[in-house]
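Here is a walk through one protein chain, from a single strand pair outwards. Keep the sequence and the 3D view side by side as you read.

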Amino acid sequence: MRHLVVMEYGQFLGCSDSCLHVREGGETVLETPLSRLRTISIARKGVSFSSNLVLECSNRGIRLFILDWRGINVAAISGRHQHGVVALRQAQFSFAQSPASRNMAASILYAKLRNQRAVLLYFSKYHELHKDPLLDSSDKIANSANSIRTIPWAMHNDTWLSELVGYEGASARIYWQALKNSGLLASDFNGRVGRGATDVTNQLLNYGYTLLISYIWAALDNAGLELYLGVLHQRRPGKPSLVLDFMEEYRAWVVDRNVIKLRRLISTSNKFDTKLKKGLSESIQKTMSTKYPYKGKKLRLESIIQRQAYRLAGAMVEKGNIYKSYRFRW
């Protein structure tokens with residue numbers, strides 16, 4: 001276990017002898033070495049933790065995230081032993097103002113679309129009845145992705161962002177409609193809704209994206225990058241734009257695919273409960289521990305994400321070093 005999610009009311013987190021202890025009602029329900037953890041997410045009110053745990057996590061570089069009732073990450077506690085390098089962050093600010101940042105934004109969205117396509121192709125293998133519509137939708141998304149790749153965004157005019165996001169939006173409509181029409185999502189799903197979602201499927205998707213943020217946050221922080229300065233999402237106070245940028249290429253495979261796998265469980269539940277949260281959390285952790293191809297090797301996805309974060313930093317520092325996003329093979 002490298003990423004712990006605590007979601008039971010009344011639990012207490014403490015530590016002793018370099019181990020994390022989760023207690024409930026005076027009994028220890030979980031004990032794990034701190035050396036195995038990278039993040040701890042508290043996803044429920046009424047969970048308490050000791051200052052000793054905060055000190056140990058800070059010294060070991062373990063991030064402590066606190067989620068609100070909507071499953072949105074509202075606080076992050078990390079130690080002062082940051083990996084931020086002044087030269088890197090100076091380069092990042094300079095890069096964000098350069099035309100080259102447009103190519104990076106395009107690369108990220110290109111991978112997002114290709115990974116949405118990979119999800120459709122992945123499930124088309126197991127759903128013979130809906131195979132042709134899924135293949136047709138995947139082809140349409142591939143066409144949009146190829147258009148993104150062929151346009152010289154660095155030389156584009158001031159409308160580059162709206163045009164780039166336009167390709168993303170058109171593909172998103174095709175993607176979600178294909179999942180809905182093929183029955184791959186639970187019957188309560190009528191369209192993608194972010195904040196304020198009332199149906200269980202969208203609530204679970206939003207919760208999954210929040211869990212994904214904790215992985216992405218840790219990887220970018222380890223790379224020493226400024227998390228609030230991105231190349232794609234709007235920059236405003238309190239918004240970790242770079243985290244939201246970087247996670248785009250992993251949304252479909254890491255979260256959407258696992259929510260689809262839980263559709264039967266979602267259909268039997270009329271509320272967004274702990275059972276569903278736990279099921280998705282465990283599925284995402286399994287995906288992060290799965291080995292995927294990477295530069296001639298097979299690495300855990302979590303390790304791939306960390307290496308990609310370093311590649312992102314390298315592309316911001318080194319002129320001519322183009323960031324190549326990660327694409328999954330279905």
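Begin with strand β2 (residues 12-16) and strand β3 (residues 19-24), which run antiparallel and are joined by five bridges. Strands here are DSSP runs of E at least two residues long, helices are runs of H or I at least four residues long, and both are numbered from the N terminus. Two strands pair if DSSP finds at least two bridges between them. One bridge to look up is that of glycine 14, whose partner in β3 is histidine 21.

A word on the source: this is a predicted model, in which local features need pLDDT of at least 70 and side-chain atom pairs count only at pLDDT 80 or more, while totals for chains, interfaces and linings use all residues. Residues are numbered from 1 along each chain as its sequence is written, and side-chain values use heavy atoms, with hydrogens and water left out.

Now look at the loop between β2 and β3. Aspartate 17 lies there, and so does serine 18. Most residues other than glycine have a negative phi. Aspartate 17 has a positive phi, near 55 degrees. Serine 18 also has a positive phi, about 65 degrees, although it is not a glycine. How exposed are they? Aspartate 17 counts as exposed, at 76% relative accessibility. Serine 18 is partly exposed, with a relative accessible area of 41%. The cut-offs are under 20% relative accessible area for buried, over 50% for exposed, and partly exposed in between, with a 1.4 Å probe and protein chains only.

Step back to the sheet. β2 and β3 belong to an open sheet of four strands, in the order β4-β3-β2-β6, with mixed pairing. β4 (27-33) and β6 (48-49) each have a single partner strand, so one side of each is left without a neighbour in the sheet. Helix α1 (residues 51-60) lies across β2, β3 and β6 and runs at about 60 degrees to β2. Contact means heavy atoms within 4.5 Å. Axes are lines fitted to C-alpha atoms, for helices over the stretch in contact, and angles run from 0 to 180 degrees between N-to-C directions.

Which cysteine sulfur is closest to that of cysteine 15? The sulfur is that of cysteine 57, but at 7.2 Å the two are too far apart for a bond. The structure holds zero disulfides, a disulfide being a pair of cysteine sulfur atoms within 2.5 Å. Cysteine 57 is buried, with a relative accessible area of 2%.

Next comes another open sheet. Four strands form it in the order β1-β5-β7-β8, and the pairing is mixed. β1 (3-6) and β8 (73-77) stand at the edges with a single partner strand each, so each has one side without a neighbour in the sheet. On average, neighbouring strands of this sheet are turned by 20 degrees against each other, direction ignored. Strand β7 (residues 63-67) pairs with β8 over four bridges, in the antiparallel sense. Isoleucine 66 has alanine 75 as its bridge partner in β8. Helix α6 (residues 200-222) lies across β1, β5 (39-42), β7 and β8, at about 155 degrees to β7.

Finally, the whole chain. The secondary structure comes to eleven helices and ten strands. Of the 330 residues, 52% count as buried. The C-alpha atoms fill a box of roughly 60 × 55 × 40 Å along the principal axes.
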